[in-house]
There are 2 protein chains.
Amino acid sequence: MQKDIILYGLGAMGRRIARLVIERGHQIVGAIDLDPAKKGTSLHDLLEMPEARELTISDDAEAVLAAHSGAVVLQATASFLHQVAGAIETCLSHGHDVISIAEEMTFPEAADADLAARLDMVAKAHGRRVLGTGVNPGFAMDMLVLALTVPCGRVDHIRAIRTNDLSDFGPSVLQSQGVGLSEAEFTKALAAGTVVGHVGFAQSVALIAGHLGWRIDRVEETRMPILSRVARETPWLTIAPGQVAGCLHCITGYADGREVLRLEHPQQIRPEAEDVKTSDRIVITGDQTLDMVLSPEIGGGAGTAAAAVNAVAYLHRANPGLVHLTDLPLTSPRAPQPQEQEKV
Amino acid sequence: MQKDIILYGLGAMGRRIARLVIERGHQIVGAIDLDPAKKGTSLHDLLEMPEARELTISDDAEAVLAAHSGAVVLQATASFLHQVAGAIETCLSHGHDVISIAEEMTFPEAADADLAARLDMVAKAHGRRVLGTGVNPGFAMDMLVLALTVPCGRVDHIRAIRTNDLSDFGPSVLQSQGVGLSEAEFTKALAAGTVVGHVGFAQSVALIAGHLGWRIDRVEETRMPILSRVARETPWLTIAPGQVAGCLHCITGYADGREVLRLEHPQQIRPEAEDVKTSDRIVITGDQTLDMVLSPEIGGGAGTAAAAVNAVAYLHRANPGLVHLTDLPLTSPRAPQPQEQEKV
């Protein structure tokens, strides 16, 4: 079913989403970006894609949202719930559905239960739906984990390890993982909150526990520097031996005092420099043991854009309100159907 | 949510299902098996499980089904649609939901569109649901494949290879794969229809194509003997070098003249005798390549029982009628919730 789409945020991820939206045959009816450098430019020029419309990018969200109704807003602006909730509420109030790639939106209750309840209420009041999705959180360490539990009679323990490569990312992501710092600087930056590690563990834990009906009563998180033994270089920076190449961020969940869940996420630049292969590995232990390896790892950027655009065709299957991925069928990429196109 | 369950079929798979139903806290209110040797015996004795009720197994399906209403019937009797459709219709007519592990029930339209439409009509007329599930078809070569497409912007080709071990199976399964035959006997048995290979490829192709919106316009199937170079032994039979150890059954699907799907299923006894490791492997090629390996393979028996019992908690989310796995959220094993138990 082809839909009207409003793009909200046209950074690197927003542009990936935009290109896929066009390839999929949806119609882009609005484009919002608050960056003054983008305001007034055309989507056609920004995307460098012949099929893209000569649509003017606007920084006036209210005006773009008010000019349409019943569209799906694809939001790619920020990671944290408090950064995106206001804009989402505005979208819902103007009668649009919203799909956000903000990490905390995959399970916003885990970030701020009151704010999540407010979004749910506003969405229901306007008969619209709001969903968060992405590769991590949203797929690699949660929905794919849950997929593997389908043939399990009993799940005693879940372990997921996502070993990925940060080399393609720019300075802000690298800084958030402490890349280029000394070990001492990493420790200080962690305490100061400038190094945060992965955003989304709380969401993955909540998605898994919610779907399996588990009560996680305690989690423990650790963030350790990955110190490089060799020099490593990306387009953005070079690190010397002994400097931080990335961050190993882990979370362990306990139920009734027993460890039931462990998610490990070593993120670094150029892992191959020390013969580290990137991969997604999931081990489910229960009445049977399932040991899955996907190598190389699922692409974070391409995968998140795809997850967001794929979800457009499934959103209407959920009731109005705050929707979780676990409420929907698998949001696979759906080829446009001639008869579906005719309907619209 | 705890449910009333009627067991229909108490062979090896039915008993596995029964044990899991009891572990999960559902209530077994009826047990049907047409085998005269089981009639009149108690479920407690058959399952050798202290928690099992002293419920008498009956061969009078009508009487058991009429004595209750609103239960979920778990059917584990046969593989083919025409063998199970009559019993399913009777269950639906008595006001029960049905979950069947008959391979063809995961997508019955692919076996007989008229018969599938009839089941859909009867289910809707009685406001009930009927679902087919299992590991293969149902999970390893279809739902898990679809799960891996979620982060894909474009899927050009799908390949799934399930390399499993038949050693635990009894004579009827081994015969259906030609185990123990000579190469010439295998060829004859294929032509005679006594060797059938895998049952369910048509269903996996239909589940995948239906969910992705693909139009498969042609499929090709091949069934080749796996000839053993060594002697191999199972509890049921011993084969000499040169005899058939199993069947390599493949199906290839084409859309617009292009190969888009290939499923390969080498099934044999004692694969380790020739250093063959069992596994499930899935390769998705498109805007990214996802190469997944699960080794050893997902347990077919344990997994099918789990898939059937897990689905009980999700069936009510679908509209009445014939339900496909792709209509439901991931049917993960759901821990019983105290508040859910109180509701019932």
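Accessible areas here come from the Shrake-Rupley method with a 1.4 Å probe. The model is predicted.

**Exercise 1.** State the accessible surface of chain A and the share that belongs to carbon and sulfur atoms.

*Solution.* The accessible surface of chain A is about 13,500 Å². Carbon and sulfur atoms hold 50% of that area. On the residue level, 57% of the 344 residues of chain A count as buried, where buried means under 20% relative accessible area.

**Exercise 2.** Decide how compact chain A is, using its radius of gyration and the globule rule.

*Solution.* Begin with the content: chain A has 11 helices and 14 strands. Its radius of gyration is 20 Å, and the globule rule gives 20 Å for 344 residues, so chain A is as compact as a globular protein of that length. Next, the box filled by the C-alpha atoms of chain A along the principal axes is roughly 55 × 50 × 40 Å. Finally, take the contacts in chain A with a separation of 6 or more: 72% of them come from residues 24 or more positions apart.

**Exercise 3.** Trace the open sheet of 12 strands from edge to edge and place the helices that pack on it.

*Solution.* The order is β7(A)-β10(A)-β11(A)-β6(A)-β12(A)-β13(A)-β13(B)-β12(B)-β6(B)-β11(B)-β10(B)-β7(B), with mixed pairing. The edge strands, β7 (218-227) of chain A and β7 (218-227) of chain B, each pair on one side only. Direction ignored, neighbouring strands are turned by 10° against each other on average. Helix α9 (residues 201-212) of chain A packs on the sheet and touches β6, β7, β10 and β11 of chain A; its direction makes about 145° with that of β11(A). Helix α8 (residues 183-192) of chain B touches β7 and β10 of chain B, and its direction makes about 150° with that of β7(B).

Conventions: Residues numbered from 1 in each chain as written. Chains lettered and ligands numbered in written order. Predicted model: local features only at pLDDT ≥ 70, side-chain atom pairs only at ≥ 80, totals over all residues. Heavy atoms only, no water. Pairing = 2+ DSSP bridges. Helix = DSSP H or I, 4+ residues; strand = E, 2+ residues; numbered from the N terminus. Axes fitted to C-alpha atoms, helices over the stretch in contact; angles between N-to-C directions. Contact = heavy atoms within 4.5 Å. Rg over C-alpha atoms; globule rule 2.2 N^0.38 Å. Buried < 20%, exposed > 50% of the residue type's maximum accessible area, 1.4 Å probe, protein only.
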